[in-house]
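Here is my note for a colleague who has not seen this structure before. The points are numbered so that each can be checked on its own.

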Amino acid sequence: MPLEGLNPYHLQVGSFVLINAILGVSIYVTLSTGQLSLGNAGFMSIGAYAAALLSTQHQVPIPVGILAGSLLAGAAGILVGIPSLRLSGVYLAIATLGFGEVLRAVLINWESLTGGAVGIAAIPQMGRVILAWAIDRGFSPGSLGLQSNQFISLTVFLILLLCTILTVAFFLRLSRSRVGRAYAAIRQDERAAEAAGIPITYYKVLAFSQGALLSGFAGALFAHSTSFVSPGDFTYHRAVEILVFAVFGGSEHIFGPAFGAAFLTVLPEALRPISDYRYILYGILLVVMMVFRPQGVIDPALVRRFRRSGGETPA
Amino acid sequence: MSGLLSLRNVGKWFGGLSALSDISFDVQSGEIVGVIGPNGAGKTTLFNVVTAVFPPTAGEVVFDGERISGLPPHAITKRGVTRTFQNIRLFSTMTVEENVMVGRHCRTGAGVWRGVLRTREERREEQGIRGKARELLDLVGLSVADRDRAAGSLPYGHQRRLEIARALAAEPRLLLLDEPVAGMNDAETQDVFRLIQRVRALGVTILLIEHDMSLVMKACDRLVVFNFGRKIAEGTPAEIRDNPQVIEAYLGSAGGSDA
């Protein structure tokens with residue numbers, strides 16, 4: 001069977017690609033109403049810590065913890081989103097970045113709950129939990145020709161793949177609905193959008209909290225994939241990384257940030273042999289992008305052309 | 001005798017600058033009322049106050065017996081007041097059809113879940129939105145071939161018509177048109193004149209800001225004249241034409257040799 005050759009390392013890189021793709025979609029959703037949020041690393045930490053604490057301290061089943069973590073992050077998104085309505089552009093970016101940093105300071109200092117700078121370890125890992133459950137029922141990964149660690153990595157990868165596909169499908173459909181048109185209208189011209197009868201406050205807070213919820217979802221999945229979270233996972237660098245997914249991949253179509261996440265997660269791994277120089281290449285790539293394709297790799301025109309040549313009819 | 005729209009002592013100051021002061025007039029249902037006056041007279045400010053781009057500093061705006069000043073813009077649209085803009089504000093990268101579909105927003109209700117799940121109800125609603133949008137594009141004279149173009153790529157005159165179609169999509173009872181023929185030639189102006197007649201035939205009351213006097217005189221039942229933020233005259237086109245104050249506002253000194 002070809003499964004025997006599965007490399008857990010490749011699967012793990014694949015898993016990070018998928019988590020990052022969800023993060024890429026999270027910044028896209030908020031941006032689709034013209035709001036630039038750099039708070040997504042912060043919302044991600046809410047989802048990750050909530051899921052981690054629920055499963056380690058309260059023995060809550062993993063799916064419930066992930067759901068709760070996502071919803072908590074979404075609720076935090078509403079709370080941050082409402083005062084942020086007064087801000088736009090770079091000021092919103094600064095405020096949300098500040099939110100993320102404040103949150104990280106809380107995570108570091110609230111040691112009794114969060115374990116401080118050390119973080120939370122021994123979070124139940126999705127793949128291991130499923131393997132243990134399956135073995136209890138007389139299943140052996142050997143029957144698929146897999147080692148245990150291959151099975152674990154594969155399970156995590158497939159769960160994340162499903163989550164990512166559902167997320168992208170959800171927001172792709174949303175973008176082609178009444179709500180999606182309202183988002184696009186607000187992004188292009190707020191004044192005209194409200195004159196056309198769109199309650200812009202409602203939709204901006206909705207998009208902001210949807211982005212927060214998705215970040216929390218990615219964070220909760222991250223916690224249960226790596227089984228370890230610490231404040232170091234949710235720094236300023238993470239916030240900027242998420243932004244770069246959208247800048248590089250393109251922020252005008254949902255496939256843009258998803259592609260950006262995939263490409264920019266694989267690239268550093270592929271460049272490991274020349275690891276001393278990889279961030280130089282990364283930087284050069286971004287500068288080249290800014291000069292030659294500032295809208296990002298993928299834009300709606302490219303998607304349309306691809307559809308036409310593929311003979312697929314748009315929905 | 002209050003009309004469909006009543007302005008009662010409306011005033012608007014920007015800091016120490018008075019843009020509108022003590023404006024009162026009524027628009028009756030079914031009328032076409034023209035708002036004229038020199039540049040900077042406060043005409044667009046009036047539209048902005050009525051549609052809540054900013055609130056009035058004094059007075060109130062009453063629509064169909066209900067005070068609408070203080071409501072947010074989308075709520076005013078929902079009550080049946082829509083507008084076009086002096087400098088066209090389309091969603092330029094969206095298609096022509098989508099622009100009009102956005103205008104249907106307040107008459108439809110599908111939220112996030114119905115949109116994502118594409119329920120039967122949602123699909124029917126979308127079909128209705130698309131059908132209405134196409135009907136309105138026909139009404140304003142945009143062709144089938146234009147539907148899928150980016151709105152920003154339309155020629156200027158067609159962009160103005162598209163804005164009118166978007167404003168009509170919300171099924172307004174009162175439509176505010178801000179210089180709909182600015183920059184158009186005579187033939188295009190005639191087309192817009194006929195379009196205004198068709199819109200009125202739908203039962204829509206129209207408040208029209210326009211500098212093209214031939215259009216204003218022909219299209220409007222009544223005129224309101226502004227100068228320096230004040231209403232200086234009100235009456236039928238014939239009355240306004242002979243009003244000495246209006247002539248002064250437009251041409252300078254009263255009874256001057258070149259008037």
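1. I begin with a single residue, B:N9, whose place is in strand β1 of chain B, a strand that covers residues 5-14. As this is a predicted model, the backbone here deserves a careful look: B:N9 is not a glycine, and yet its phi is positive, at about 50°. B:N9 counts as exposed because it has 12 C-beta neighbours inside 10 Å, and a residue is exposed if that number is 12 or fewer.

2. A second residue of chain B with this feature is B:R118, which is likewise something other than a glycine and has a positive phi, near 50°. The place of B:R118 is in a loop of chain B, between α4 (112-117) and α5 (120-140). B:R118 has 15 C-beta neighbours inside 10 Å, and therefore counts as partly exposed.

3. Which helix of chain B holds B:Y156? The residue is found in α6 of chain B, the helix made of residues 156-169. Since 11 C-beta neighbours lie inside 10 Å of B:Y156, the residue counts as exposed. B:Y156 and B:M184 are separated by 28 residues in sequence, while their C-alpha atoms are 8.7 Å apart in space.

4. Turning to chain B as a whole, the chain is divided into domain 1, which is assembled from residues 1-80, 173-190 and 217-259, and domain 2, which covers residues 91-172. Between the C-alpha centres of these two domains of chain B the distance is 29 Å. Their contact draws on 11 residues from domain 1 of chain B and on eight residues from domain 2 of chain B.

5. On the side of domain 1 of chain B that touches domain 2 of chain B, the elements giving two or more residues are α2 (73-79) and β7 (174-178) of chain B. Of the elements on this side, α2(B) gives the most, with three residues. By residue type, this side of domain 1 of chain B is made up of four nonpolar, four polar and three charged residues.

6. How many residues of chain A are in contact with chain B? There are 20 of them, and they meet 28 residues of chain B. On the side of chain A that touches chain B, at least two residues each come from α7 (148-175), α8 (178-188) and α9 (190-195) of chain A, and α8(A) gives the most, with seven residues. This side of chain A divides into 11 nonpolar, three polar and six charged residues.

7. Within chain A, a pair of helices may be examined together: the axes of α3 (residues 62-84) and α10 (residues 200-226) of chain A come within 7 Å and cross at roughly 145°. The crossing in which α3(A) passes α10(A) is right-handed. The residues of this contact between α3(A) and α10(A) comprise 15 nonpolar and 13 polar, with no charged residue.

8. My last point concerns α13 of chain A, a helix of 15 residues (278-292) that reaches 21 Å from its first C-alpha to its last, which is close to the 21 Å expected at 1.5 Å a residue. Is this helix buried or hardly covered? The helix α13(A) is hardly covered, as the count of buried residues among its 15 residues is zero; for a residue to be buried, 20 or more other C-beta atoms would have to lie within 10 Å of its own.

How values were computed
Residues are numbered from 1 along each chain as its sequence is written. Chains are lettered from A and ligands numbered from 1 in the order in which they are written. This is a predicted model: local features need pLDDT of at least 70, side-chain atom pairs count only at pLDDT 80 or more; totals for chains, interfaces and linings use all residues. Domain bounds come from an automatic or database domain assignment. Two residues are in contact if their C-beta atoms, placed from the backbone, lie within 7 Å. Helices (H or I, at least four residues) and strands (E, at least two) are DSSP runs, numbered from the N terminus. Ala, Val, Leu, Ile, Met, Phe, Trp, Tyr, Cys and Pro count as nonpolar, Asp, Glu, Lys and Arg as charged, and the others, Gly among them, as polar. Axes are lines fitted to C-alpha atoms, for helices over the stretch in contact, and angles run from 0 to 180 degrees between N-to-C directions. A crossing is left-handed if the near helix is turned anticlockwise from the far one by less than a right angle, and right-handed if clockwise. The expected span of a helix is 1.5 Å times one less than its number of residues.
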